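Please look over the model shown here before reading the questions and answers that follow.

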Amino acid sequence: MRDLPFREVWAVDFEFISAEGNRPVPVCMVARELRSARLFRLWQDELPEAPPFPVDEGALLVAYMAAAELGCFLQLGWPMPARILDLYTEFRAQTNGIKLPLGRGLLSALSFHGLPSITKDEKATWQALVLRGGPWTPAERAGILSYCQGDVDVLGPLLCRMLPGIRAEPKGLGQALLRGRYMAAVARMEHVGVPVDTAMLGRLRAGWPALKLDLIREVDQDFGVYEGSVFKLARFAKWLADRGMAWPLTEQGRPSLEDDTFREMAKLHPEVAPLRELRHALSDLRLEHLAVGTDERNRTGLFPFGARTGRNTPGSTRFIFGPSVWLRGLVKPGTGRAIAYIDWRAQEVAIAASLSGDERLLDAVQSGDPYLAFAKLARLVPGDATKATHPQIREQCKRCVLGANYGMQAASLAYRIDGTKADAERLLQALARAFPVFWQWSEDTVDRGMLLGRLSSVYGWPLRVTRDTRPTALRNYPMQANGAEMLRIACCLATERTIEVCAPVHDAILIEASAGGIRDAVAGAQQAMVDASRAVLGGLEISSSVEIVSWPERYSDPRGAAMWAKVTALLDKYEQVREVG
Amino acid sequence: MTAKENKAAGNPAESETPDPFDLDALRAQPLEGSLVTRELSTVPVRRPKKNEFFRVHPDPDYVVDAYTFVHEVGMDKETYWVTAGLRAELLEHLQPTRLFTCVNRADVTFLWPAKLPDAGGGGGRSWSVSALEAAERAKTSWLRIHGNKDTGAYDRFVARAELPEPKFEDKTFGELVRIAFKDRIIDSIDHSLVKEIYGLI
């Protein structure tokens with residue numbers, strides 16, 4: 001640690017109260033300089049207007065899951081540290097791809113590195129005391145501060161154990177600091193949150209028990225697959241057969257009822273979407289879990305680097321951008337405000353083209369429509385074809401290109417293009433011939449992962465390959481991991497340029513501004529996304545599409561629009577009945 | 001860990017503070033190049049399938065006339081390479097064959113043992129002649145062949161689409177033949193198939 005190129009190294013931890021959907025309320029903070037052992041133990045009423053330690057480029061802040069500490073910084077109005085090393089992200093990086101019996105928390109990291117720690121139960125006891133809220137007795141205060149200091153005091157030894165791994169790669173420390181920089185962006189995004197129509201949410205929550213049954217009746221009119229409130233597989237199989245709709249089967253030869261299958265098939269057959277939404281709403285939707293604060297904003301931990309690809313993994317029932325897409329209708333800017341959903345165009349294909357160095361695929365990307373360009377190269381459509389003239393073949397080519405990114409085989413592709421296995425084989429062969437450099441690079445990626453036991457994004461997010469790693473995951477890793485990298489950098493740039501980013505959503509971001517300022521904010525965010533794509537792809541710019549929603553309009557995801565309409569119509573009906581009653 | 005320990009562990013020590021805002025400096029070059037070499041291990045020896053578009057290598061160095069032995073077991077036929085020293089011995093059991101180097105649309109290379117017509121104009125001559133004509137045509141065009149029992153010959157179906165030129169394996173014909181016949185070479189009178197021919201087993 002002594003040769004770390006920083007004047008001071010500060011280990012920091014906050015205890016805070018985090019009520020569902022609200023910003024954190026700091027309870028106390030402990031900070032220790034790891035070389036001199038200088039110590040601050042400050043209770044909430046002692047926290048100053050600025051950090052009691054330096055946060056300039058010469059000082060390193062070390063924390064575990066720094067987004068939480070930095071959320072407290074924002075709450076206190078403190079400036080963000082210029083250099084952050086988050087041992088949580090580094091532990092994730094160090095063990096990504098490996099199953100950890102004790103999870104990803106601080107205790108697991110300490111155990112993994114052979115360091116002593118308090119027990120899980122002890123930790124839970126102290127956390128419960130903090131979350132109980134004040135007032136705390138003097139003994140409780142002293143105890144909480146000591147518990148907080150305990151979490152700080154283990155960071156020094158943990159850092160010493162982890163540093164060799166962090167610095168094993170030539171740019172390892174700098175890349176770790178870049179990940180730390182993202183934790184500041186996460187704190188800013190969690191601080192902003194997503195504006196939600198709480199009046200509508202209240203109506204939904206109140207009406208949900210009755211809504212469930214009525215929704216079944218309403219949606220099932222077009223399907224006839226429910227008996228009471230029970231989904232009948234045989235009826236669904238008949239519904240598919242009556243329409244001649246090919247559907248992925250289980251090993252037992254029955255139609256697959258996995259949500260992933262429904263989601264994929266709903267893209268191909270939009271008429272299936274309401275059934276998918278209904279099934280998800282009935283089985284997994286927990287409206288009471290949706291985390292909405294007193295300021296009418298959805299706010300939940302984004303769990304950065306939660307996925308193996310490095311993507312965020314916010315809790316699906318707490319986050320408004322979870323799997324129930326119809327629920328996104330609750331996203332609504334407040335009076336005089338506007339939001340914008342900004343989405344990269346063909347991001348995955350652009351990453352594949354750039355990293356593989358396939359000039360023909362790059363040309364296809366730069367044509368603005370890589371899927372149609374592939375269709376033309378494969379002579380599936382005439383040279384003057386457009387998205388409007390050949391929508392179906394373009395869609396098939398899109399599914400083929402995206403499927404090939406993760407090694408989709410002909411049998412799976414056949415369902416997705418609504419064709420035969422032979423059609424799918426021909427399309428995959430055409431893709432291999434059209435973009436041979438990409439195809440070979442894709443094969444090489446799998447070989448590289450299998451041979452070296454490791455793959456990495458351009459900014460060093462690594463994946464350990466184990467015997468359980470699927471080749472398809474390796475093949476897709478460069479697109480997903482670098483896509484995640486791009487999103488992280490875009491979020492850093494946008495939030496540092498003071499754009500209010502409400503949330504990252506897979507390969508898109510949601511921003512907010514005043515109705516009058518939204519166009520400038522969009523321009524700024526789009527520039528941040530362009531800058532991020534140039535950084536990750538060595539100069540290649542990926543453009544983005546924008547959807548702006550101004551008050552009093554609400555956000556709507558097309559995939560959930562039909563379901564949202566049914567839900568709101570039913571709620572209106574209930575209220576009319578109540579008024580008449 | 002001290003600088004000395006760090007160096008001993010093989011870790012580079014930063015001479016200055018790495019800057020998380022300098023994205024160009026932090027970016028690693030994407031890994032390029034293959035870590036594996038594909039080795040051609042199998043070259044099928046067979047007639048083109050009825051739905052298979054194929055091309056024939058136009059280089060005369062990639063075709064040879066040879067006497068081969070065709071071993072039939074039920075519906076399956078396997079073609080064996082017979083070394084020069086044994087041809088006279090086994091002549092009446094061998095088939096005069098023209099061995100073409102072919103590639104299909106999936107870039108699979110195979111050798112096509114096309115039977116040469118009998119000098120005496122015996123039965124099946126039209127099959128052989130039409131096969132050889134198709135092979136000649138396939139040196140410049142993608143086509144498929146389909147046996148037509150009514151005419152006793154192969155029909156040719158030439159692709160009308162503008163298709164890319166074929167990709168042949170970067171191997172000499174000798175190398176392709178060795179791979180194709182690696183475990184189907186009759187090089188001794190002690191070979192089990194020779195013994196079978198002479199009723200010795």
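A residue is buried if 20 or more other C-beta atoms, placed from the backbone, lie within 10 Å of its own, exposed if 12 or fewer do, and partly exposed in between. This is a predicted model, in which local features need pLDDT of at least 70 and side-chain atom pairs count only at pLDDT 80 or more, while totals for chains, interfaces and linings use all residues. Residues are numbered from 1 along each chain as its sequence is written, and chains are lettered from A in the order in which they are written.

Q: What percentage of the residues of chain B count as buried?
A: Chain B has 201 residues, and its secondary structure comes to 6 helices and 8 strands (DSSP runs of H or I, at least four residues, and of E, at least two). The share of its residues that count as buried is 25%.

Q: Which element gives the largest share of the side of chain A that touches chain B?
A: Contact, meaning C-beta atoms placed from the backbone within 7 Å, joins 34 residues of chain A with 28 residues of chain B. Elements giving two or more residues to the chain A side are α6, α7, α17 and α18 of chain A. The largest share, 7 residues, comes from α7(A).

Q: How far apart do the C-alpha centres of domain 1 and domain 2 of chain A lie?
A: Domain bounds come from an automatic or database domain assignment, which divides chain A into domain 1 (8-192) and domain 2 (195-327 + 559-580). The C-alpha centres of these two domains of chain A lie apart by 37 Å.

Note on methods. Two residues are in contact if their C-beta atoms, placed from the backbone, lie within 7 Å.
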